Each structure stands twice: as structure tokens, then as C-alpha cells.
Amino acid sequence: MRPSPSYWTTLPLLLVILDTAKACTVKKLNGNTSRFSNATLVRLSEFLSAGYKKGVRPVKDWRTSTLVAIDLMVYSILNVDEKNQVLTTYVWYRQSWTDEFLVWNPKDFDQVKQVSLPTANVWVPDILINEFVGVGKSPDIPYVYVTHEGLVRNYKPIQVVTACTLNIYNFPFDVQKCSLTFQSWLHTIDDINITLMRSPEELSEDKSVFMNQGEWELLHVLSNYKIFSVDNDDYYAEMKFHVVIRRRPLFYTVNLLLPSIFLMVMDIVGFFLPPDSGERVSFKITLLLGYSVFLIIVSDTLPATAIGTPLIGVYFVVCMALLVISLTETVLIVRLVHKQDLQPPVPHWLRYLVLERAPALFCIHKKHRLCSRLSSQASDMDDYKDNNYGAAQCTLHHTCEIDHQHEREAAFLTRIPTSSRDRSPPVVSNILREVTAIRTFLEKRDHGNEVAKEWLQVGYVLDVLLFRVYLVAVVAYSITLGTLWSVWQVA
């Protein structure tokens, strides 16, 4: 069959198109080859990845243990959860090991001595933290550095959420010691061993990257290497870092301790109010209510655990108990110094102990005379006591006039003979009976006033004694707590 004339016409055109396409393909291939021809890192990466098995421990002799050097630098203390016993820190973690399969001669690769490779393409030891209880928000670092001698360096920041035994008894002067234990989860010490990059002294004193502006202060980071066995057959290596931190107590001192101390000082000052006035009772009740409101406000600030109570919580409870005791003592003293109708005389033993022995033993002197005005109708006494609460000596209103009147009446009655009195008119007899009734009334009133004065003296002496006992208890308690907190702060 003879080709048509159109065939011969289109054939040269088809040949030209084929030659052009072939030339473009060759040019494209030559372009790709030239783009990677001088890429040293690409050649090095292809050289290192050729036949590399990332699932196999990188040693030529299986008896050789892979030594992993680790390092830890604390960057920040994010949170200390006393209730859940959880510590959240942000650390810079570094680890390095030797991969015997990632070795090359720098002369063959333009003197390249280190290269970064994807972490997913190399073998990485399975070193974890035993105390992990939560997944932190750590950035993903997808690369590792590899030197020409096979040293692999894996540096990355980690937000560590770990369990920690927090002792809050010394709050807010507490020092916490939390552990971060690094170990291989699966491999024994024959496969993976652990060591430190730096000396323990350098690691302990390194605070170069720590953010030292928060509530917690980093004291030091201790390290401890240990080999342990679970079943006495396989042995594992672990490196434990002890992060020692101390709380800064200034915030809690200003907002918790100082208000409580001020309220206790005001309670002591309240003892200088007159005990026979109702203002002292009102003042003490107001302090007690104010302290109750204060405890409600600070209850959310105190750490709470199920295994213990901080000493500052005990301090607040004891202060509340002291306020209650102070109020009880005030009510007792006010009851004693206020005269009541038909009040019984002071018992002999109480008069001997309180009015005779106690002032001598406790140096309660009468430096100033305490006066009181006792009215016959209201039987109220406006007392003025000295600074040492000395025993009271009282004088009645118009005492001198009444005494002189009694003497004149008694002398007049004694001068009148009995027979004359019997023969006296009825008016005189009535006058004599009235005078006798007045004298009897005055004698009873004087006796009642004497009883009230004795009870008043008993109340003042007991007020001094109880005040001194209360003051000694408060001072001893404050000195004890202050000493303990000072020792904890210095330690």
C-alpha cells in the first residue's frame, strides 16, 4: 500500500515534535542531577541512611553497652499542687550517646563534621521519667545532631508533670524536695547504661537558666546514680535528680501572719480596759468575730491535704482558742466585780488565797488607792483601779456624816435611862424606833458594801493573775513558733 501524500507532508513535523520532547526530557533530567550534584549534606544523608536500621541498637558488638549521658537544667517552677501532690516544672533535658553506624570521614564530605537528622530516622534510647503523671505541653523537636564520630545529641525542653511527696507542715517556710528519675523502661544495664554529662557539683550549683522571679526559689539539683533489680535477675540503671526548692514566705507573712498578730496584740491591750465596765466584753466579742471572718477569708489560701495540717493552721486554731479563753476570763471577772443582791460573803479559803497569798507571791502592790462610790439605791460602784490592779479600798458617800450621826444617836440613847424611855411619850418612842430602823438599815447596807468590796478586790486580783497567765501563754507560744519558722527559713 502506498502512503498518501499527506503522510509525507506530516512526517517531518512529527519528527520535529519528537526531537523537541526528547530534548526537553533530557534537559529536565540533567537539571535535577545538577541540583543535587554538589549537595554535600544530601550525599551525607543518603550515605548515612543507606542500610541503616533504626529499630536495632547501634552497636557492632552486641555485648557492648550503649552509654547514654544525660543532663538536666531547671528553667521554671510552674505549679506546686499540694492537694494532689503534683509538681509541674519546665526543664531543659539533654542526652547524648554514640551510634556506631552513623560515622563518616569528613574529608569525603567537604569537611562536614556534624549534621542534623530527623529524630524519626535514628535510634533513640527509651529513657523515661518514672514520676510522670501527666502529659505536659512540650514543644516537638524533630531533629538530632550527629557528629562524624557517631555522637548523637538530643536536646529538648520538657514540661514535666510529676508526682511528688510534698510536706506542708512548715508552710509558708517549707522546703520541698522532688525527684525526677530517668531510666530505660525496657533495656537492662547490659544494653543501656546511664551517666552524667557534667560533674555533680556543676549540676548542683547551676542556676543559669532558672527564672528566679516566682514564688519558689531553686536551691540546688542533686544527682544520684543507682543500679537496681526488680526480680534479682535483670539489673537496670537509673539516674535520679533531686530538685530542692524553697517557698518565698513574704506574701503569706504579710497577708496571713501579720493580721493575726495584730488581732492578738489588740486582745492583750483589751485587758487594760476597766473590768467592771461592759466595754471590755464588747471589745473581746468584736475581736472574736473579726478573727472568725479573717479565718474564713484565708481558708482558701492555706494548702489542704488529707495527710496533714500545716503548722500555720494550728497556729490560727490556737489563736482562736486564746481569744475564746480571753473572753471567758473577761466574763468571769465582770461577774465578780459587779455587786449582786444577796451576794454571799467571800469564802475564807478564797480570801486567804487571793487577797493574802496571791498579792505577796505575784507582787501585786497597792501603789494607788482605788475608790468606789456605792449608792444605797442603785448599789452601783464606780471604781478606779491602779495600774497594778491593787486591792481596792472604798469609802461610802457621805461616810463621815453618817458615822458622826451614828455616834450622836448612840450617845443620846445611852444617856436616856430605861425607865425614862419607857415613860416617854409615844412621839419620842416612834422617833426612837425610826432611828433604830435607820441604824439597822445602814448597818445592813454597810455589810453588803463590805461584801461587794471584797468581791471587787477578788475580781481585780484574779484579773491580774489571769492576765499574766494569758500573757505568758501568748508570748511563749509566739516565741516557739517564731523560733521554729526562723530555723526553717535559715535551713
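Helices and strands here are DSSP runs, numbered from the N terminus. The model is predicted, and the tour below starts in the loop between two of its helices.

**Stop 1: the loop between α4 and α5**

Select P275, which is found in the loop between α4 and α5. Its relative accessible area is 0%, so P275 is buried. Next, add V331 to the selection and display both C-alpha atoms: P275 and V331 lie 56 residues apart along the chain, yet the separation of their C-alpha atoms is 9.0 Å.

**Stop 2: helix α4**

Select residues 250–269, the 20 residues of helix α4. From the first C-alpha to the last, α4 reaches 27 Å, close to the 28 Å expected at 1.5 Å a residue. Where does α4 have a kink? Centre the view on L257, where the helix bends by about 30°, shortly before the proline P259. L257 is also one of the buried residues of α4, together with Y252, L256, S260, M264, D267 and I268.

**Stop 3: helix α5**

Move on to residues 279–298, which form helix α5. The end C-alpha atoms of α5 are 29 Å apart, which agrees with the 28 Å that its 20 residues should span at 1.5 Å a residue. Colour R280, V281, K284, L287, L288, Y291, F294 and V298, the buried residues of α5. Viewed down the helix axis, these buried residues fall within an arc of 150°, so they line one face of α5. An α-helix has 3.6 residues a turn, so residues three or four places apart point the same way. Now colour E279, T286, L289, I296 and I297 in a second shade; these residues are exposed, on the other side of α5.

**Stop 4: helix α6 and its two neighbours**

Two packed helices are described by the angle between their axes and the distance between the axes. Keep α5 displayed and add helix α6, residues 311–337. The two helices pack with their axes 9 Å apart, at an angle of about 165°. Angles over 145 degrees count as roughly antiparallel, and α5 is therefore roughly antiparallel to α6. Their crossing is left-handed.

Then replace α5 with α4. The axes of α4 and α6 cross at roughly 15° and come within 11 Å. Because angles under 35 degrees count as roughly parallel, α4 and α6 are roughly parallel to each other. The crossing of α4 and α6 is left-handed.

**Stop 5: backbone features in the loops**

Most residues other than glycine have a negative phi, and most peptide bonds are trans. The following selections concern exceptions.

- Select Q111, in the loop between β2 (86–98) and β3 (114–118). Q111 is not a glycine, but its phi is positive, at about 60°.
- Select N232, in the loop between β10 (216–229) and β11 (235–247). N232 likewise has a positive phi of about 60° without being a glycine. Its relative accessibility is 67%, so N232 counts as exposed.
- Select F171 and P172: the peptide bond from F171 to P172 is cis, with omega near 0°. P172 has its place in the loop between β7 (151–163) and β8 (175–184).

**Stop 6: strand β3**

Finish at Q114, whose place is in strand β3. Is Q114 buried, exposed or partly exposed? With a relative accessible area of 35%, Q114 is partly exposed. Add H148 to the selection: Q114 and H148 are 34 residues apart along the chain, and their C-alpha atoms are separated by 5.8 Å.

Definitions and conventions:
Residues numbered from 1 in each chain as written. Predicted model: local features only at pLDDT ≥ 70, side-chain atom pairs only at ≥ 80, totals over all residues. Heavy atoms only, no water. Helix = DSSP H or I, 4+ residues; strand = E, 2+ residues; numbered from the N terminus. Expected span 1.5 Å × (residues − 1). Bend = angle between axes of the 7 residues up to and from the residue. Buried < 20%, exposed > 50% of the residue type's maximum accessible area, 1.4 Å probe, protein only. Arc of directions from axis to C-beta. Axes fitted to C-alpha atoms, helices over the stretch in contact; angles between N-to-C directions. Parallel < 35°, antiparallel > 145°, perpendicular 65-115°, else oblique. Left-handed = near helix turned anticlockwise from the far one by under 90°.
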